[in-house]
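These are my notebook entries on what I looked up in this structure, kept in the order in which I followed each point.

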Amino acid sequence: DASAPPGSSQLFNNHVPLDPMVEGIVGITKSTPSVDVSRGQLVPYEITLRNELAVPLPDLTLIDRYPAGFRYVEKSAQVDGVPIEPTISEGQLVWTDLGLEASSDRTVLMLLAVGAGVGEGKFVNRAQAVSSVTGLPLSGEATATVRVVPDPTFACTDVMGKVFDDANRDGDQDPGEDGLGGVRLVTARGLVATT
């Protein structure tokens, strides 16, 4: 009608949100003690989930997305100290139906291995809690970043050479002056190598 505002002509402006805001009801953090890593190294990660509500959340799934070139180390995952293996698919680890009691938290530990083909640079691992029923996010996205650097022993070799029995002491390996195995060499930095 045309009565004084806010008459029925204004009903279209009265929006009452009916969809619950579920993102953020689970607090999530992800961390690693490793900052600089090298190829072949095992990197430990810790994910902490916290139920911010006073009611339990039984249908909770944790999804962890790891960088290309990294791989999950089998049987390394633990949820609150109990070994629980995730489902592995397309660069992500999934723990289903973890559930959280009211105002409680859970800790997930795991190891990732840095693959031999991973280049140098920063690599981000991401984790998020979602509803097992609807797939809607229940938390923000937690991240932990590591930097892949050259291995100081193998990628940054300073000295190359050979050890041999220099019978005539001229500094050159002449015929008959065989190489010596089992000789222990120590560099000025303390790196030990054995021929």
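**Entry 1: the aromatic pair.** I began with phenylalanine 123, which counts as buried at 17% relative accessibility, the cut-off for that label being under 20%. The model is a predicted one, and I kept that in mind for every value below. I then counted the aromatic pairs and came to one. It is formed by phenylalanine 70 and phenylalanine 123, whose rings are tilted, 5.5 Å centre to centre with 45° between the planes. I noted that the pair links distant parts of the chain, since phenylalanine 70 belongs to strand E5 (residues 70-72) and phenylalanine 123 to strand E11, 53 residues apart. Phenylalanine 70 is buried too, with a relative accessible area of 5%.

**Entry 2: the overall make-up.** I looked up the secondary structure and found zero helices and 14 strands. Of the 195 residues of the protein, 32% count as buried. Among the contacts between residues at least 6 apart in sequence, 65% join residues at least 24 apart.

**Entry 3: the six-stranded sheet.** In what order do the six strands of the open sheet lie? I read the order as E2-E12-E11-E4-E9-E8, with mixed pairing. The edge strands are E2 (36-37) and E8 (87-89), each of which pairs on one side only.

Going through the sheet from the E2 edge, I found that E2 and strand E12 (residues 142-148) pair in the parallel sense over two bridges. In these bridges valine 37 stands opposite valine 148, and aspartate 36 has arginine 147 as its partner. E12 is joined in turn to E11 by seven bridges, and these two strands run antiparallel; here I noted threonine 145 of E12 as the bridge partner of valine 124.

I also checked how the side chains of E12 are directed, and they alternate: Ala142, Ala144, Val146 and Val148 point to one face and are buried, whereas Thr143, Thr145 and Arg147 point to the other and are not.

**Entry 4: strand E4.** Why is E4 (residues 60-65) described as largely enclosed by the rest of the structure? I found that five of its six residues are buried, so the description follows from that count. Six bridges pair E4 with E11 (residues 121-131) in the antiparallel sense, while four join E4 to E9 (residues 92-95), again with the strands running antiparallel. Arginine 65 takes part in both pairings, standing opposite arginine 126 in E11 and having glutamine 92 as its bridge partner in E9.

**Entry 5: the largest nonpolar core.** I next looked at the largest nonpolar core, which has 33 residues, and asked which of them touch the most other members. They are Val26, Leu49, Leu62, Phe70 and Trp95, so I met Phe70 of the aromatic pair again here. The elements that give two or more residues to the core are E1 (26-31), E3 (42-51), E4, E5, E9, E10, E11 and E12.

I followed leucine 62 further and, not counting residues up to four places away in sequence, listed its contacts, including Ile28, Ile47, Leu49, Leu93, Trp95, Val108 and Ala127. Gln128 is also among the residues that leucine 62 touches.

**Entry 6: serine 104.** Is serine 104, in the loop between E9 and E10, buried or exposed? Serine 104 is buried, with a relative accessible area of 18%, which I set against the cut-off of under 20%. Its side chain reaches the backbone oxygen of glutamate 101 at 2.7 Å. Leaving aside neighbours within four places in sequence, serine 104 is in contact with Leu49, Arg50 and Asn51; Leu49 was already in my notes as one of the core residues touching the most other members.

**Entry 7: backbone angles and a charge over a ring.** I looked for positive phi values in residues other than glycine and noted lysine 75, near 65°, and aspartate 97, near 50°. Lysine 75 lies in the loop between E5 and E6 (78-79) and counts as exposed at 70% relative accessibility. Aspartate 97 is found in the loop between E9 and E10 (105-114). Last, I recorded that the charged end of lysine 30 sits over the ring of tyrosine 45, 4.8 Å from its centre.

Conventions
Residues are numbered from 1 along each chain as its sequence is written. This is a predicted model: local features need pLDDT of at least 70, side-chain atom pairs count only at pLDDT 80 or more; totals for chains, interfaces and linings use all residues. Side-chain values use heavy atoms; hydrogens and water are left out. Buried means under 20% relative accessible area, exposed over 50%, partly exposed in between (1.4 Å probe, protein chains only). Two strands pair if DSSP finds at least two bridges between them. Rings of Phe, Tyr and Trp (its six-membered ring) pair if their centres lie within 6.5 Å; planes under 30 degrees apart count as stacked, over 60 as edge-to-face and the rest as tilted. A charge sits over a ring if NZ of Lys or CZ of Arg is within 6 Å of the ring centre and within 35 degrees of the ring normal. A nonpolar core is a set of buried Ala, Val, Leu, Ile, Met, Phe, Trp, Tyr and Cys residues joined through side-chain atoms within 4.5 Å. Contact means heavy atoms within 4.5 Å. A polar contact is a pair of N or O atoms within 3.5 Å; within protein, one must be able to donate a hydrogen and the other to accept it, and residues adjacent in sequence count only if both atoms are side-chain atoms.
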